[in-house]
Amino acid sequence: MLKPYVLLLLPALFALAGSAPAPTDQPAPKHDVLDVRHLPLGDGRVSTSPRSGDVMSCQTDFSRGFGANGPTPWIHKDTWDLTAKPQVQGKLEWPDAEFSIAQTQNGLVVSRLVKGNGLPVKTATGNFPISPTDPAFAYDRNPNSIRKQTVQLTLPAAPQLAATPSCVSMGMIGVALNGVAIFNALDAMGRDAVAHEVQDLCSGHPEPRGTYHYHGPSPCLPGATQNEQLIGYAIDGFGIYSTYDAGGAELTNANLDVCHGRTSTVLWDGKPQSIYHYVLTREYPYTIGCFMGSPQHLHQGPPPGGPGGPGGFRRPPPPPM
């Protein structure tokens with residue numbers, strides 16, 4: 001039998017010999033796949049049926065839409081350079097932001113009740129409308145202000161796959177865990193919104209009714225760069241998870257199905273479970289290409305008595321170059 005003092009020395013001897021077991025709680029190193037200077041442009045990737053890398057859009061006519069119509073020197077044919085794209089100035093905090101998620105039960109039906117006022121919790125935004133003194137004004141004259149909204153979602157706590165995928169609408173298709181609305185990848189003209197529209201430091205901006213939202217990844221979104229981390233919920237109840245898999249590898253369309261999701265073991269309601277979920281990527285369509293579940297009724301709008309934005313804006317033309 002080994003003496004007690006020998007047992008005490010064993011860990012040190014293993015360490016000196018290089019045989020000490022490696023820590024298991026350290027995150028896997030990241031392995032990026034995409035080149036942020038040459039991200040694939042999503043223009044034209046709109047379909048009426050489920051197709052990998054596309055948005056299956058409920059809206060098919062974008063001829064009357066208006067969006068950013070200034071020059072886009074960061075776009076080069078089929079790719080765009082994230083590092084060359086300008087940002088809207090400002091770092092505005094929102095101390096009155098509200099957001100909560102709670103589970104409720106009615107008989108055997110368990111739901112997830114999501115409530116908020118549409119403002120980002122502990123997350124900044126840029127200054128909107130975009131000021132004429134902001135360099136971003138030369139590329140995007142977004143005239144909209146950020147306003148409080150009434151957001152209420154009742155989602156299934158255990159979402160089920162539908163018989164067939166369904167299209168995604170314009171407007172809110174999900175919500176991030178900081179209370180910010182998630183829109184699909186399209187702008188009002190049916191183009192790649194992340195590439196064409198100029199957003200703020202958190203990659204967000206408001207639409208005409210004042211809803212502040214993301215179309216894709218945000219550097220301010222909690223957990224977005226962690227491995228298989230829940231970052232939000234789609235309005236069919238399925239989770240939206242971060243860009244990297246359990247091994248730290250960046251996920252792209254090549255790893256995902258027609259709706260931009262996959263089944264793998266992730267932490268869901270505090271337990272590791274093999275479930276279907278969507279994935280936030282740096283590649284278009286960024287969040288959801290179509291709904292694999294059944295989208296729930298969405299109640300969203302300005303608070304009672306509050307200001308409401310018009311149905312749409314024609315953005316002013318860009319200044320002469």
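**Exercise 1. Contact range.** Work out what share of the contacts between residues at least 6 apart in sequence join residues at least 24 apart.

*Solution.* The model is a predicted one. Take the contacts in the protein chain between residues at least 6 apart in sequence. Then keep those that join residues at least 24 apart. They make up 69%.

**Exercise 2. Long range at one residue.** Place Leu-113 in its strand and list its contacts beyond four places in sequence.

*Solution.* Start with the strand. Leu-113 lies in β7, which spans residues 109–116. Next, set aside neighbours within four places in sequence. Leu-113 then contacts Ser-100, Ile-101, Ala-102 and Thr-104, along with Gln-152, Leu-153 and Thr-154. Now take the pair Leu-113 and Thr-154. In sequence, 41 residues separate them. In space, their C-alpha atoms are 4.7 Å apart.

**Exercise 3. A three-strand sheet.** Give the strand order of the open sheet that holds β1, β4 and β5, and explain which strands stand at the edges.

*Solution.* The order is β1-β5-β4, and the pairing is antiparallel. β1 (39–40) and β4 (75–76) each have a single partner strand, so one side of each lacks a neighbour in the sheet. Now look at one pairing. β4 and β5 (residues 79–80) are joined by two bridges. Ile-75 has Trp-80 of β5 as its bridge partner.

**Exercise 4. The whole chain.** Summarise the secondary structure, burial and exposed surface of the protein chain.

*Solution.* Count the elements: two helices and 17 strands. Then turn to burial: of 321 residues, 46% are buried. Finish with the surface. The chain exposes about 15600 Å². Carbon and sulfur atoms supply 57% of that area.

Methods. Residues are numbered from 1 along each chain as its sequence is written. This is a predicted model: local features need pLDDT of at least 70, side-chain atom pairs count only at pLDDT 80 or more; totals for chains, interfaces and linings use all residues. Side-chain values use heavy atoms; hydrogens and water are left out. Contact means heavy atoms within 4.5 Å. Buried means under 20% relative accessible area, exposed over 50%, partly exposed in between (1.4 Å probe, protein chains only). Accessible areas come from the Shrake-Rupley method with a 1.4 Å probe; for residues, only the protein chains shown count as cover. Two strands pair if DSSP finds at least two bridges between them.
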